[in-house]
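Hi everyone, thanks for making time this morning. Let me put the sequence and the structure on the screen, and then I'll walk you through them.

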Amino acid sequence: MPNRPFRFLHAADFHLEMPLHGVGEVPEHLVDLFLEAPYAAAEQVFETALAEDAAFVVLSGDLLSPQHTGPRGPLFLVEQFARLAERGKPVYWVGGGVDPPEAWPPAIRLPENVRRFPVGRVEAFTAERDGEPLACVLGAGRGGRQAIHAAAFSPAPGGLVTLAAIHGTADPAALKQRGLHYWALGGRHDRSTPLGSPTLVHWPGTPQGRRPSESGMHGCTVVDVDEQGRLRTTLATTDVLRWLSERLVVDEATTRETLETQLRERMHTLVETNPNIDLLVSWTVAGTGPLLGKLRRGPLAAELLEWLRGEYGRRSPPAWSLGVEAEPSLAMPPEWLEQETIRADFLRAIRSYETNPDQALDLETYRPEGEWAEALGPGMARIEKPARRRVLHEAALLGVDLLTGEEAES
Ligand SMILES: [Mn+2]
């Protein structure tokens with residue numbers, strides 16, 4: 001049966017309760033944007049649905065924690081939903097970790113066009129246009145952290161395009177077997193499509209990156225469905241502030257001047273490829289040579305940062321540099337292990353932990369009291385590979401850095 005072509009919009013993880021974070025200080029001219037970005041980006045999602053004339057909108061959870069936003073969050077969503085209602089566009093919203101249906105404040109009424117899914121069982125809605133069915137939208141809220149139960153989802157009879165809205169992760173192979181057209185997933189802040197046709201499995205990511213690690217473009221996904229029921233996804237960017245992580249490589253011959261030229265050239269490329277949006281750039285310098293040592297210690301990193309901020313950070317739109325850091329690398333002369341120094345003792349101890357996986361790290365003694373202890377969880381004492389390898393590597397880097405004198409560097 002040929003389908004009627006249509007278009008819908010898929011978004012998730014607005015996290016209206018979560019401001020931007022992960023930086024030591026926010027310059028005065030970016031403060032408002034830091035606070036407003038989650039709302040501004042979410043508004044862009046609804047703006048996109050209207051501009052692209054999506055038949056309906058699928059929201060895959062973690063839109064807001066009403067407890068933490070206070071009334072502003074729910075009132076904002078109601079206002080946006082109402083804009084879609086005016087144009088006859090339904091919203092299918094499945095709850096995630098922070099937004100199960102019962103978290104919604106009962107005093108704020110959701111517009112009629114919003115369909116919510118129950119927790120723990122699958123409910124099916126039929127999206128229509130002019131009285132004709134366009135698609136079957138399945139969804140189920142999940143309690144706690146249980147895995148997605150793929151077998152509970154089945155395609156609608158008669159070949160009607162079927163979507164499933166779920167918040168969480170699942171094995172794409174298990175989802176593929178169900179024969180649905182589209183898995184509208186939520187819960188990952190990066191955009192990803194682990195499986196293409198004929199079953200599309202897709203996370204649109206959060207509309208707005210929240211911290212330095214959530215770098216690159218963020219937005220929502222416009223999905224086009226053709227007569228054959230084939231789907232095509234397109235990113236619509238919605239972020240109002242973009243985090244970028246840039247890595248430069250230097251060598252023995254690199255001088256401060258050539259590094260400045262590299263920074264300048266890269267910055268121009270960033271501004272060109274990310275036009276009309278405020279940028280937050282973290283710089284990492286890798287490679288070899290004396291300049292790296294100078295970046296690790298001494299005023300060079302701070303001076304470069306000051307220069308970058310002066311040159312690019314106060315333009316409109318600004319490209320604000322968050323930091324300039326030398327990439328940690330453990331390139332060290334082998335004789336360091338043989339010496340009669342504290343550094344050598346330390347490195348030998350690290351190596352012993354590396355070569356004897358049964359030797360417990362015994363980090364329990366360093367475990368802080370109170371709230372932090374809870375955040376770290378009980379597993380800290382029993383760190384497994386590859387976390388164990390990473391911890392040892394970080395410890396070695398830090399130890400070498402602290403136990404190596406200035407002269408030894410040159
Ligand atoms: Mn989330």
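**Charges, fold and a metal site**

Let's start with charge: the protein carries 41 positive and 57 negative charges, and the mean positions of the two sets lie 5 Å apart. Please keep in mind as we go that this is a predicted model.

Now the overall build. Along the principal axes, the C-alpha atoms fill a box of roughly 80 × 55 × 45 Å. Inside that box the secondary structure adds up to 11 helices and 15 strands. Of the 410 residues in the protein, 46% are buried. On the outside, about 20900 Å² is exposed, with carbon and sulfur atoms supplying 52% of that area.

How much of the contact network comes from residues 24 or more positions apart? Taking the contacts with a separation of 6 or more, such pairs account for 65%.

That brings me to the metal. Which residues coordinate the manganese ion? The donors are D13 and D62 through OD, plus H15 and H189 through NE2, at 2.2 to 2.7 Å. If you want to find them in the sequence, look for the spacing D-x1-H-x46-D-x126-H.

And are D13 and H15 buried or exposed? Buried here means under 20% relative accessible area. D13 has a relative accessible area of 1%, so this aspartate is buried. H15 comes in at 6%, and therefore this histidine counts as buried too.

So, to recap the site: two of the manganese donors, D13 and H15, are buried. Happy to rotate the view for anyone who'd like another look!

Key:
Residues are numbered from 1 along each chain as its sequence is written. This is a predicted model: local features need pLDDT of at least 70, side-chain atom pairs count only at pLDDT 80 or more; totals for chains, interfaces and linings use all residues. Side-chain values use heavy atoms; hydrogens and water are left out. Helices (H or I, at least four residues) and strands (E, at least two) are DSSP runs, numbered from the N terminus. Buried means under 20% relative accessible area, exposed over 50%, partly exposed in between (1.4 Å probe, protein chains only). Contact means heavy atoms within 4.5 Å. Accessible areas come from the Shrake-Rupley method with a 1.4 Å probe; for residues, only the protein chains shown count as cover. Lys and Arg count as positive and Asp and Glu as negative; His and the chain ends are not counted. The place of a charge is taken as NZ of Lys, CZ of Arg, CG of Asp or CD of Glu. Donors are N, O and S atoms within 2.8 Å of the metal (3.2 Å for Na, K and Ca); water is not among the atoms, so sites may look incomplete.
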